[in-house]
Amino acid sequence: MPNATPDLTLTARKLTRSFGNQPVIHDVSLQLKRGEVLGLLGHNGAGKSTTMQMLTGCLLPDSGSIEICGIDLLRHPTQAKAHIGYLPETPPLYRELTVRDYLVFAARLRGMQSADVPAALALALQRCGLTDKSKKLIGTLSKGYQQRVGIAQAIIHQPAVIILDEPTVGLDPTQIREIRALIRELGNRHSVILSTHLLGEVESICDRVEIMQHGKLIYGDTSARMQQYGQVSGFTVSLRNPPALSALQDIIGVTHVEQLSERQFRVLHTTEHNPSAELLTLAAQHGWQLEQLTPLQARLEDVFVKITDEQSTDIKDVARTESVAARTVEGVNK
Amino acid sequence: MIRLLALRELRSLFSMPSTWFVLAVLQFIFAWFFLARLDAFLEIQPQLAQVANAPGVTASIAAPLFNVIALLLMMLVPMFTMRLIAEERRNQTLTLLLSSPLSSAQIVLGKFFGLMLFLMVLMATTPMMLYTLQLGTSLDHGLLWSNVLGLVLLSACYAALGLYISALTSQPIIAAIGALAVLLGLWLADIGSSALDSPWHQLSPLNHFQNFNYGLLDSGDAAYFVLFSAVFLLLAMKRLNNNRVYG
């Protein structure tokens, strides 16, 4: 079944899944374009791994559909799976094999012709920094290297969709940086979905973020825009020779000024009018001696907590009685 | 794909020192039985020479030896089948197979043929040992090869059953004990029921091996072995599919 938009590598529609009577995933829909890195964020137990298992065909959804490169995963699993590379939470490694043998096996398993394997093997080894470990038994490698072998098996056959479940767990900071650079590089040519609860990872490598909570997608946007979510426009300013507080407050566009220390102020302003240029001219004119001017940046952590908290409050709100709702309205009116 | 999986299985088996140890010990046991039978045969040979239509060297040495091996395999094959799926599940390597473009049938058959290749290597020395007798006497090739064929079919039964039980659990030890319990149960039911037409005889794989052991090729026995293996292989495929449904 050819897809109308070839750029769309993965489409999941209205996936639901329950284990026994316990619903785990409700109504999850995802789309992924070529050359995009999607971060799946969420607390532990939010349903990230279950979603990934469904996207890779390891777990059947109760309802919903998944298309990989336009091929229906549920109806034509073998064709669709050839386009997937998957690194589960625990890397699926045969400890008794050498890195080389294991990766050759993984490549052939995904249907690669044996003639193409040596080149793919060399590339995957080089990309994951495993070239000098290729003859070692996997069982003798450290956790970090085993994780790299896990990533190597997911990318060796150059799949259109790469799904990585917490790829940087257990790596040291240098390795984390290398692997993130690798994922970013892969993201330019393939589509990557990675799940994580490390927000720094999302900030540094993901184009797009989906936040998952209690088995639902509650927020989806580009990671740049997520950072702006709920952000206050403002900056902190340090002046060696500060004027009176009112002088700063009088600048057009400034809504609020707070003195942080003797020389430091936090200035909030309206989104339409950024008063920093004016502040600079005034500082020069009056000899305030500006030392530093830093825009306020919402940290992704704060944003994440804010979004998940809002969602939890929403859920609680629904359950509340009318009288409480009335009180809230009252509060708003005040 | 099936070949790839089978070869991977073999490679994993041969990269474990325990496999080599088991192989060595088994060869020693097989050789011991062979020499014991040979010794016994040489002792009674003068008496046999006076009997008309006495059993030949193949019937006196090869047939009992194959019978012993058939019994030993019943206890040994579960030790090899236990790892097949249970260990992959426990080490979470099954995910690699489930997320690869493979059907459950390919996974199951790959593992089955991988193990069968290994079992054939394990048994291959037995006919070789027996053929050394040809230096001094002539052998009954028909009897010898009907035994070999019977043994291969019998071990296919054991392997299929063990593979299915391995697919049910994530604990290799449970898989081994489960398969051993079923095989021993079938055997004990067979030798325990005294009535000649008892259905228990028909259920036991070892009973169906007896005709091969006497040099009789009965298509009924062969069909039993093929059906027995096919049923458990199909059940194992079904179980792997359920893995996707129930998680």
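Student: Which residues form a nonpolar patch on the surface, and what is their accessible area together?
Tutor: Happy to start there, keeping in mind that this is a predicted model. The nonpolar patch draws on two chains, with L60(A) and L74(A) from one and V245(B) and Y246(B) from the other. Together these residues have an accessible area of about 340 Å².

Student: Is L60(A) buried, partly exposed or exposed, and why?
Tutor: L60(A) sits in the loop between α1 (48-55) and β4 (63-68) of chain A. Buried would need under 20% relative accessible area and exposed over 50%. Because its relative accessible area is 33%, L60(A) counts as partly exposed.

Student: β4(A) follows that loop, so to speak; in what order do the strands of the sheet with antiparallel pairing stand, and which are at the edges?
Tutor: Four strands make up this open antiparallel sheet, in the order β2-β1-β4-β5 of chain A. Two bridges join β4(A) to β5(A), and I68(A) stands opposite I71(A) there. Each edge strand has a single partner, so one side of each lacks a neighbour in the sheet; these are β2 (22-33) and β5 (71-72) of chain A.

Student: At what angle does α1(A) run to β1(A)?
Tutor: Helix α1(A) lies across three strands of chain A, namely β1 (8-19), β2 and β4. Relative to β1(A), its direction makes an angle of about 120 degrees.

Student: What about the sheet with mixed pairing: what is its strand order, and how does it twist?
Tutor: Six strands of chain A form this open sheet, in the order β6-β7-β8-β3-β9-β10. Its edge strands, β6 (84-87) and β10 (216-222), each pair on one side only. From one strand to the next, the twist averages 15 degrees.

Student: Which helices of chain A pack on that sheet, touching β7?
Tutor: One helix, made of residues 143-155, touches β6 and β7 of chain A and makes about 165 degrees with β6(A). Another, made of residues 173-189, touches β3 (37-42), β7 and β8 of chain A, at about 145 degrees to β8(A). They are α5(A) and α6(A).

Student: How many residues of β8(A) are buried, and which strands does β8(A) run parallel to?
Tutor: In a regular strand, side chains alternate between the two faces of the sheet. In β8(A), S191(A), I193(A) and S195(A) on one side and V192(A), L194(A) and T196(A) on the other are all buried. That makes six of its six residues. Five bridges join β8(A) to parallel β7(A), with L164(A) partnering L194(A), and five more join it to parallel β3(A).

How values were computed:
Residues numbered from 1 in each chain as written. Chains lettered and ligands numbered in written order. Predicted model: local features only at pLDDT ≥ 70, side-chain atom pairs only at ≥ 80, totals over all residues. Heavy atoms only, no water. Patch = residues over 30% accessible without salt bridge, like charges linked within 9 Å, V, L, I, M, F, W, Y side chains within 5 Å. Areas by Shrake-Rupley, 256 points an atom, 1.4 Å probe, with all protein chains shown as cover. Salt bridge = Lys/Arg side-chain N within 4 Å of Asp/Glu carboxyl O. Buried < 20%, exposed > 50% of the residue type's maximum accessible area, 1.4 Å probe, protein only. Pairing = 2+ DSSP bridges. Axes fitted to C-alpha atoms, helices over the stretch in contact; angles between N-to-C directions. Contact = heavy atoms within 4.5 Å.
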